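Student: I'm new to this one and would like a close look at a single spot. Please pick one, stay with it for a while, and then show me what lies around it.

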Amino acid sequence: MTPFELMSDVLVRNGEILKMTLADFSEQEMLARPVPGANHAAWQVGHLIGSAAYMLREVAPPDIVPDAAGRFREKYDGKTAGIDDASFFANKSDLLEVFAQVHDAISTWVKTLTPDDLNRPTPARMGDYAPTLGHVALMIPGHVMMHIGQLQVIRRKLGKPLLF
């Protein structure tokens, strides 16, 4: 397995862990907050879609990002994190479907990278958090796992079985 195949595989596996984590959540449970002010699962998954689509659009060929993912960045931003109205958010199956689409696109893109690409700089607006393509390729799965950790706290609040 090449390092690029490994990075691609990690992206795919993170998506599977996210699906497993949310498999037994009802639509109502997708809006559960572990504590006041914390983000619920519906917002977190939409945020993951929007942020990944944004980063991919900044560094990859424009046609690689699924159309459905493009509108998530604005809808699932910090200003909407406090909304609890279910009608505002996409339903769980749609969220997971678009998440899979954008992360499949990222997984495919990562496999096209070369060792020289890893040091290629990103646009200046990304430089503080992902200065190179290598940083982008590793930041996206790290971001997903950070949110999966937050979702585990929601699982505990809801009394669901521990997964890890």
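Tutor: Let's settle one word before we start: a helix here is a DSSP run of H or I that is at least four residues long, and helices are numbered from the N terminus. Keep in mind, too, that what you see is a predicted model. With that in hand, our spot is Leu133, which sits in helix H6.

Is Leu133 buried or exposed? Its relative accessibility is just 1%, so Leu133 counts as buried. To see who covers it, skip the neighbours within four places in sequence: Leu133 then touches Val59, Trp109, Leu113, Asp117, Leu118, Arg120 and Thr122. For a feel of the distances here, take Pro66: this residue is 67 places from Leu133 in sequence, and their C-alpha atoms lie 20 Å apart in space.

Now slide along to Val136. With the neighbours within four places set aside again, Val136 is in contact with Met55, Val59, Trp109, Thr122, Met126 and Ala130. If a few of those sound familiar, that's because Val59, Trp109 and Thr122 are on the contact lists of both Leu133 and Val136 by the 4.5 Å heavy-atom rule.

Val136 also leads us to the inside of the protein. The largest nonpolar core holds 49 residues, and Val136 is one of those with the most contacts inside it, along with Leu18, Leu22, Ile49, Leu95, Ile106 and Trp109. H6 (133-157) is not alone in building this core: H1 (3-22), H2 (41-59), H3 (67-70) and H5 also put in at least two residues each. The biggest giver is H2, with 12 residues. In soluble globular proteins, nonpolar side chains tend to be buried together.

H5 deserves a stop of its own. His103 has its place in that helix, and with a relative accessible area of 4%, His103 is buried. Its contacts beyond four places in sequence are Leu11, Leu48, Ala52, Ile140 and Val144.

At residue 92, where H5 (92-112) begins, you find Lys92. What is the nearest side chain of opposite charge to this buried lysine? That would be Glu27, but Glu27 is 6.2 Å away and Lys92 has no salt bridge. A salt bridge needs a side-chain nitrogen of Lys or Arg within 4 Å of a carboxyl oxygen of Asp or Glu, so Glu27 misses out on this pairing. What the Lys92 side chain does reach is the backbone oxygen of Phe25, at 2.7 Å. Not counting residues up to four places away, Lys92 touches Leu22, Ala23, Asp24, Phe25, Glu27 and Met30.

Other charged residues do pair up, and the count of salt bridges comes to 8. Let's go through three of them.

One is Lys160 with Glu29, where the closest N and O atoms are 3.0 Å apart. Lys160 belongs to the segment after H6, while Glu29 is in the loop between H1 and H2, so this pair ties together parts that are 131 residues apart in sequence. Lys160 counts as buried, at 14% relative accessibility.

Another is Asp84 with Arg33, whose closest N and O atoms come to 2.8 Å. This one also links distant parts of the chain, 51 residues apart: Asp84 is in the loop between H4 (72-75) and H5, and Arg33 is in the loop between H1 and H2. Asp84 is partly exposed, at 45% relative accessible area, whereas Arg33 is buried, at 14%.

The third stays inside one helix. Glu16 and Lys19 form a salt bridge with their closest N and O atoms 3.0 Å apart; they are 3 residues apart in H1, about one helical turn. Glu16, at 45% relative accessible area, is partly exposed, and so is Lys19, at 37%.

Finally, zoom out. The protein has 6 helices and 0 strands. Its radius of gyration is 16 Å, close to the 15 Å that the globule rule gives for 164 residues, so the protein is as compact as a globular protein of that length. The C-alpha atoms fill a box of roughly 45 × 35 × 25 Å along the principal axes. Of the 164 residues, 46% count as buried, and Leu133, where we started, is among the buried ones. As for contacts between residues at least 6 apart in sequence, 73% of them join residues at least 24 apart.

Definitions and conventions. Residues numbered from 1 in each chain as written. Predicted model: local features only at pLDDT ≥ 70, side-chain atom pairs only at ≥ 80, totals over all residues. Heavy atoms only, no water. Buried < 20%, exposed > 50% of the residue type's maximum accessible area, 1.4 Å probe, protein only. Lys, Arg positive; Asp, Glu negative; His and termini not counted. Polar contact = N/O pair within 3.5 Å; in protein donor to acceptor, adjacent residues only side chain to side chain. Core = buried A, V, L, I, M, F, W, Y, C linked by side-chain atoms within 4.5 Å. Rg over C-alpha atoms; globule rule 2.2 N^0.38 Å.
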